[in-house]
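Reader: I would like to learn how to read the strands and sheets of a model like this one. Could you take me through them slowly?

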Amino acid sequence: MEGPEQPARAVAAAPPRSVIHSMIWATVPALLLVQLLASAGIEVSSFLSQMRQLDARIARAAESRAHLIAEPLWKLRYAQVTAVLGEILHDEAISAAIVYDDTGSVVARVPAQPVTSGATMVSRSIDYSNGNITVQAGRIAIAYSYGAIYAETGKALARLFVAGLLATLVTLLALRISANIFIGKPLSVMMSAIQRSKRDGRAYQADISSTNEFGQLAQAFNAMQHTTSDALEQLRHLAWHDPLTGLPNRRSLTERLAILSRTARIPDALISFCFIDLDDFKGINDTFGHDAGDRFLVHIAGLLRDAVDQDDWVARLGGDEFVVIRPDVADEPAAQAFAARLLGAISEPVRLHDKQVVPRASIGLAVRRADDPELAHLPALADIALYHAKSKAPGTIAVLNEELQRDYRRRRELELAIPAGFAEREFEVWYQSQVDLDTNEVVSLEALIRWRHPDHGIISPAEFLPLIERSGNASRLTNYVLTDACYALNRLAAAGRPEIRIAINLPPSELADQSFADHMQETCTRLGVAASSLELEITEGSLINNIASASETLRRLRAMGATIALDDFGTGYSSLAHLRRFPLDKVKIDKAFISDIPDSAEDKAIVGVIASLAGTLDLTLVAEGIERAEQAQAMTEMGVRYGQGYFYQRPQPLDAVLKLLERQAVAEGTSRVLATSPSLVPELWVPEPAE
């Protein structure tokens, strides 16, 4: 592969030839050739003309000599003939002259110059006339040469070649000077402007005052540079600013932090970094439309601008995220007061589609010294605090501290370990019983996921489930639990308890996925389990946020025979009356309403209302979080049929649950409360979070 690429690189690396050099190399050979051809043509014409003139002169000489020697030749006066021939030897072109008598014999010969190249001969008859008769007395022949003409012509050609070469050199010099002045200099000036523009990112003008075509080209170039300058300025502004609000963007943030680090008045000056995230901005977009959402963001940007001082810095990082930096604060309480002022400014109402909306936001606050090495990481540090505020108490300010940083590091470590957790089967499915409150019979098991981490031990689902959802592994986890539940159903059937069903929690992403029902059917068929043995637990929020897709998915699952249960009822924002449109079979009352019963009359009243509505809608009720016998008794009295909680059994691996079920079957006539049996896996018990 390297061979073919090397010539290409060599060509690319070769320096470009200037236009002047190109013009010279293209013009000079042609100019020299034209001059030589023209000179040669002139000399050849002159040479031919001289040859014709010489031929004519020799012919005249032959005629005149023939006339002069006619009488001497006829009268046999050969000496006189020779004398007449000698008179023509002064012509250097003539090399010899011969006279023949009428019999063809040579009667006179006059040799002259040695015969050279290019010799030729002319012959004329000699006629004698005495007035009465005219007879041919003989013939004269003259030999002559073109050598002198050749020599002169050669010298002339040499002189013309030298003169042409000198003229070419003079022309070349003039061409180079004029090309440099009229072509090279304008091009060089424009190229310099282009190179400076590439280096500095600015548009430079070409200083050319000529009025010829290159001057006009320079004017056009300058006009283009002016237009380009405006465009570059706009692009530069767009590169460093948010196009919607006009605030600096994320790219500007990095530069701003570097500037703050260099220009701080004192090295240990405190810099306050507020990471602001609007609460429920998605709801505004969904309710009022994206155009209104954009106007809302512009409004928030204006509020933040008005709330800060001249030295403060406001930016929008994208979406509903804003940043405010105060370069010099007295201490952390002052930074918190400044953040509280920002929250108050953001809360100014705004009208969208004739509706008054009160903005709400959460702020993550980080305070660092100007010379702190972590200053460049302020956005990430403040984001840690923001994450805490959004997850624990939206609409508040969370200040970054060492504890939050430790939590963040642990959260990142666990998030990165999720793929390995699946690969190494560190995730375990435990099961907790649901019992009939009247008979204490186990009617179903809820599948609950646990993570046995090699370094951190058993990790609560309250900690790792949000990480799995955020990492996009929710579907993988659901399939993991579903497959384990199907194997558990087969083991229950083999243990003689085929009537016990297993409930699994269905996340919102699966409820919105139209293909989940097909996947569950395929898994049940492959593992030999009836879908009617499965119970799918969903939350109120997943229903309300995905009404259309959730309804379709639930109808398909119910048509397969699966039971649909509404989990954690009472903690969301819906009601049983509102949920009549959904195909539900069971409602699980959240343990928050059970924990204070029977002492809390208010909770008893709420549970009583729920039980009454459930009876009207023909829904089965399950009470979660039963931990004491009096709670179980109260639930029975209020018409709740099924219960679940530590009073009956803590979540345990399937092997432990099967042994407890076996012990329950053997212990006839004894209490069937499973909690009275010692746990087989006490080391796995952890405080049970909300599922």
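Author: Let us begin with one bridge in this predicted model: the bridge partner of Phe 275 is Gly 364, which lies in S10.

Reader: What holds such strands together in general, and in which sense do strand S5 and strand S10 pair?

Author: Strands of a sheet pair through backbone hydrogen bonds, and the pairing is either parallel or antiparallel. Here strand S5 (residues 270-278) and strand S10 (residues 361-369) pair in the antiparallel sense, with nine bridges between them.

Reader: In what order do the five strands of this open sheet stand?

Author: The order is S6-S7-S5-S10-S11, and the pairing in this open sheet is mixed. At the edges stand strand S6 (313-318) and strand S11 (397-399), and because each has a single partner strand, one side of each is left without a neighbour in the sheet. From one strand to the next the twist averages 20 degrees.

Reader: Which helix lies across S5, S10 and S11?

Author: That is helix H11 (residues 378-392), which runs at about 145 degrees to S10.

Reader: How is the open sheet of four strands ordered?

Author: Its order is S2-S1-S4-S3, with antiparallel pairing. Strand S2 (106-111) and strand S3 (119-129) are the edge strands, each pairing on one side only, and neighbouring strands of this sheet are turned against each other by 15 degrees on average, direction ignored. Strand S1 (residues 94-101) pairs with S2 over five bridges in the antiparallel sense, and Val 99 stands opposite Ala 108 in S2. Helix H4 (residues 78-86) lies across S1, S2 and strand S4 (134-145), and runs at about 30 degrees to S2.

Technical notes. Residues numbered from 1 in each chain as written. Predicted model: local features only at pLDDT ≥ 70, side-chain atom pairs only at ≥ 80, totals over all residues. Heavy atoms only, no water. Pairing = 2+ DSSP bridges. Helix = DSSP H or I, 4+ residues; strand = E, 2+ residues; numbered from the N terminus. Axes fitted to C-alpha atoms, helices over the stretch in contact; angles between N-to-C directions. Contact = heavy atoms within 4.5 Å.
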